[in-house]
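Open the model in your viewer and keep the selection panel handy. We will walk through one sheet and the helices that lie on it, stop by stop.

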Amino acid sequence: HLVMPLLIAFLLSFTLVPVAFASSQTTAASLAGPKKYYLALGDSLAYGYQPDLNFDDGYANDFSVDLKAHGMTTYANMGCPGETSVTFLNGKCPGAILRKYLYVGSQLNAAVHYLQQHAGQVSPVTLDIGANDVLPDINTSTCSVNVSKFDADLATVDTNLTQTILPALKQALTVNGQVTGDLLLMNYYNAYQNICPSTLPYVQLLNQHLASDISGFGSLVDVFTAFGGPSQPNVCSYTWMCTIFKDIHPKDKGYSVIAAAFESTTGY
């Protein structure tokens with residue numbers, strides 16, 4: 001029964017790089033703060049995937065523990081392993097069979113419905129998306145990147161985020177002209193730093209685009225920096241890359257580091 005997990009692992013999110021930390025002081029002043037409901041959206045990282053089949057200790061789970069201390073009572077995790085910005089919009093996520101929160105149609109439609117159903121009571125909404133769009137453009141056997149395809153797929157991420165996903169989520173968080181919840185987008189660490197250090201510029205480029213995309217819609221959470229910055233010295237201790245699984249996903253420690261980045265960025 002390991003075939004499905006291994007297949008999903010391949011399909012899942014690519015390199016994880018956190019978003020650069022916004023100043024807690026300046027960010028906190030403009031945040032709505034935590035409320036009764038917490039909604040987690042995204043790919044396998046939001047889902048909390050690990051190749052040892054521990055799916056209960058992801059960053060959203062860790063963050064939810066912190067949020068409970070601030071009055072959060074209900075946590076919905078719609079993350080789907082293998083989700084791209086395209087499937088986020090249109091449905092047919094590769095890892096839908098593993099989902100923790102069942103819904104019909106696309107993750108975006110489910111999220112908007114959830115936000116409308118609990119209008120004014122959801123904050124924060126966390127999101128990680130985009131890695132799976134560009135992951136297939138990196139060949140880790142040769143450490144080569146299909147640059148033209150990478151650029152095209154990155155442009156698709158930008159378009160999907162800025163034209164549809166982020167506007168829809170922000171609108172659903174807006175009640176009577178007032179934004180009632182915090183929208184937090186994380187960037188990615190580079191899980192391939194040890195085996196293909198030449199991938200660094202591409203992970204940084206993805207992160208730069210994510211930082212630009214979230215501007216005006218919400219806050220960026222800098223996981224890339226939390227994982228140690230350009231040299232990514234913690235790949236072996238924070239991810240499963242240096243184990244028999246050779247898997248890009250975080251271990252418990254890595255997920256807790258991501259959750260701490262969300263807490264540091266928001267100040268709550």
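Two strands pair if DSSP finds at least two bridges between them. Helices (H or I, at least four residues) and strands (E, at least two) are DSSP runs, numbered from the N terminus. This is a predicted model, in which local features need pLDDT of at least 70 and side-chain atom pairs count only at pLDDT 80 or more, while totals for chains, interfaces and linings use all residues. Residues are numbered from 1 along each chain as its sequence is written, and side-chain values use heavy atoms, with hydrogens and water left out.

**Stop 1: strand β1**

Select residues 37–42, which form β1. Six of its six residues are buried (under 20% relative accessible area, with exposed meaning over 50% and partly exposed in between; 1.4 Å probe, protein chains only). Show the side chains: Tyr37, Leu39 and Leu41 point one way, and Tyr38, Ala40 and Gly42 the other. In a regular strand the side chains alternate between the two faces of the sheet.

**Stop 2: the neighbours of β1**

Now add β3, residues 122–128: β1 pairs with β3 in the parallel sense over five bridges. Look for Ala40, whose bridge partner in β3 is Thr126. Next, select β2 (residues 74–77), joined to β1 by four bridges and also parallel. Here Tyr38 stands opposite Tyr75.

**Stop 3: the whole sheet**

Which order do the five strands of the open sheet follow? Reading across, you find β2-β1-β3-β8-β9, with parallel pairing. The edge strands, β2 and β9 (219–221), each pair on one side only. At the β9 end, three bridges join β9 to β8 (residues 183–186), and Met186 has Val221 as its bridge partner in β9.

**Stop 4: helices on the sheet**

Bring in α8, residues 147–172, which lies across β1, β3 and β8 and runs at about 155 degrees to β3. Axes are lines fitted to C-alpha atoms, for helices over the stretch in contact, and angles run from 0 to 180 degrees between N-to-C directions.

Finally, add α9 (residues 200–214): the axes of α8 and α9 come within 10 Å and cross at roughly 20 degrees. The two helices are therefore roughly parallel to each other (angles under 35 degrees count as such, over 145 as roughly antiparallel, 65 to 115 as roughly perpendicular and the rest as oblique). To see the contact (heavy atoms within 4.5 Å), display residues including Phe150, Leu154 and Leu161 in α8, and Tyr202, Leu206 and Leu210 among those in α9.
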